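Work through the exercises below with the sequence and the coordinates open. Each task is followed by a solution in steps.

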Amino acid sequence: MYNSNFVTAFIAAAGMGKRMNMGINKQFLTINDIPILAHTIKKLEKSKYIDFLVIIIKNTDISYLGEIINRFKINIDYKIVYGGKERQDSIYNGLINMPDQTDIVLTHDGARPFVSVDKIDEAIEEVFETGACVLANRVKDTIKVSLDGKLVNYTPNRDMLWQVQTPQVFKAEILLKAYNQAYSEDYYGTDDCSLVEKTGVKVKLINNSYDNIKITTKEDLQIASTLIKKVKD
C-alpha cells in the first residue's frame, strides 16, 4: 500500500524465449541454481508497497511455476493468470483479473531479476506526478535508423535516446484506458508505456542502473552469472 493506494504488480512470464533456444522458457532457467523467475518474485516481494502479485505464465508452464512455489514459497497474496498470444494480450489478461481495489499497477518482466527493491519503490512513489513512469537509462551506443535494413537513413541525437526497462508503473485507470483504446483501435504496442503514450499521458523517466538487464540470450545468462555476485537489493 502506498499512501492508501492498493498496489498490484504483474510479472510477465509467458514469453516463448525463442532466442534462448534451450528447450525451456527463459524464466525457468537458473542463476546460481535458482530459477530466474524465483529471483524476480523475491525482489517484488521485498517492496514495502506491493500488496498483490499477478504471475502471468503460459498454461504449459504451470508445473515449472508449481516447483518454484513449493521450493521458495510466495510470501505475498498472489494469483496465477495464463498469458495470451502476445505480451500485450498477457498483460490485459492480468488487468481483467487483478483485485478490484487496485489503484496502482506495476508491470515487470519475469526475466529481469536484477532490478533493485529501492528502484521498485521509487517508481511507485513517482507515479502520481503524471500517472505513468518507467525505469530507464541513457543509450550508450550511437543508434542508426535504417528503413530497409541495409542502408543508414539517419542518426538520431543520442542525448535524446533512452532505453526503457521494467518495472513500468501506472495509475490503474490510466493503463486500463490505454489497453481498451488499443484494442478498440486494433493496434499493438511494444510495451505498456507505448500504449499509454497514445492516450496523451506523459511518461516520467526514472534513471536506473545498467545492471537491470533482461535475460534473453545465452550471452545474457553469462552476464547474469557475474551480476548475481555483485548485485544486491
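**Exercise 1. Classify Lys73 by accessibility and describe its backbone.**

Solution. The model is a predicted one.
Step 1: the relative accessibility of Lys73 is 48%. Buried requires under 20% and exposed over 50%, so Lys73 counts as partly exposed.
Step 2: Lys73 sits in the loop between helix 2 and strand 5 (77-82).
Step 3: phi of Lys73 is about 65°, a positive value, although Lys73 is not a glycine.

**Exercise 2. Is Asp33 buried or exposed, and where does Asp33 lie?**

Solution. Step 1: Asp33 has 55% relative accessibility and therefore counts as exposed.
Step 2: the loop between strand 2 (30-31) and strand 3 (34-35) holds Asp33.
Step 3: Asp33 has phi near 65°, which is positive in a residue other than glycine.

**Exercise 3. Find what joins Thr166 and Pro167.**

Solution. Step 1: read omega, which is about 10°. The peptide bond between Thr166 and Pro167 is cis.
Step 2: place the proline; Pro167 belongs to strand 8 (residues 162-171).

**Exercise 4. Determine how many disulfides the chain has, and examine Cys133 and Cys193.**

Solution. Step 1: recall the bond in question. A disulfide is a covalent bond between the sulfur atoms of two cysteines.
Step 2: apply the cut-off, which is a pair of cysteine sulfur atoms within 2.5 Å.
Step 3: for Cys133, the closest cysteine sulfur is that of Cys193, 8.0 Å away, so the separation is too far for a bond. Taken from the other side, Cys193 has its closest cysteine sulfur in Cys133, again at 8.0 Å and too far for a bond.
Step 4: the count is zero disulfides.
Step 5: add the accessibility. Cys133 is buried at a relative accessible area of 0%, and Cys193 is buried at 2%.

**Exercise 5. Locate Thr40 and list its contacts beyond four places in sequence.**

Solution. Step 1: Thr40 is part of helix 1.
Step 2: with 0% relative accessibility, Thr40 counts as buried.
Step 3: outside its neighbours within four places in sequence, Thr40 is in contact with Ile11, His108, Asp109, Gly110, Arg112 and Pro113.
Step 4: compare sequence and space for one pair. Thr40 and Phe114 are 74 residues apart in sequence, while their C-alpha atoms are 7.5 Å apart.

**Exercise 6. Do the analysis for Ala111, with Leu175 as the partner for the distance.**

Solution. Step 1: Ala111 is in the loop between strand 6 and helix 4.
Step 2: its relative accessible area of 1% makes Ala111 buried.
Step 3: beyond four places in sequence, the contacts of Ala111 are Lys26, Gln27, Ile36, Ile213, Lys214 and Ile215.
Step 4: Ala111 and Leu175 are 64 residues apart in sequence and 22 Å apart in space, C-alpha to C-alpha.

**Exercise 7. Describe the setting of Tyr64.**

Solution. Step 1: Tyr64 lies in helix 2 (residues 62-72).
Step 2: at a relative accessible area of 31%, Tyr64 is partly exposed.
Step 3: leaving aside neighbours within four places, Tyr64 is in contact with Ile24 and Phe28.
Step 4: from Tyr64 to Asn25 the C-alpha distance is 9.6 Å, with their positions 39 residues apart in sequence.

**Exercise 8. Which residues of helix 4 (residues 117-126) are buried, and what do they pack against?**

Solution. Step 1: Val117, Lys119, Ile120, Asp121, Ala123 and Ile124 are buried in helix 4.
Step 2: the buried residues of helix 4 pack against two kinds of element. The helix is helix 1 (36-45). The strands are strand 1 (6-13), strand 6 (102-109), strand 7 (132-138), strand 8 and strand 9 (204-207).

**Exercise 9. Characterise the chain as a whole, starting with its helices and strands.**

Solution. Step 1: the chain contains seven helices and nine strands.
Step 2: the radius of gyration is 17 Å, close to the 17 Å given by the globule rule for 233 residues, so the chain is as compact as a globular protein of that length.
Step 3: along the principal axes, the C-alpha atoms fill a box of roughly 55 × 40 × 35 Å.
Step 4: of the 233 residues, 49% are buried.
Step 5: take the contacts between residues at least 6 apart in sequence; 75% of these join residues at least 24 apart.
Step 6: the accessible surface comes to about 11900 Å², with 47% belonging to carbon and sulfur atoms.
Step 7: there are 30 positive and 30 negative side chains, and the centres of the two sets are 5 Å apart.

Terms used. Residues numbered from 1 in each chain as written. Predicted model: local features only at pLDDT ≥ 70, side-chain atom pairs only at ≥ 80, totals over all residues. Heavy atoms only, no water. Helix = DSSP H or I, 4+ residues; strand = E, 2+ residues; numbered from the N terminus. Rg over C-alpha atoms; globule rule 2.2 N^0.38 Å. Buried < 20%, exposed > 50% of the residue type's maximum accessible area, 1.4 Å probe, protein only. Contact = heavy atoms within 4.5 Å. Areas by Shrake-Rupley, 256 points an atom, 1.4 Å probe, with all protein chains shown as cover. Lys, Arg positive; Asp, Glu negative; His and termini not counted. Charge placed at Lys NZ, Arg CZ, Asp CG, Glu CD.
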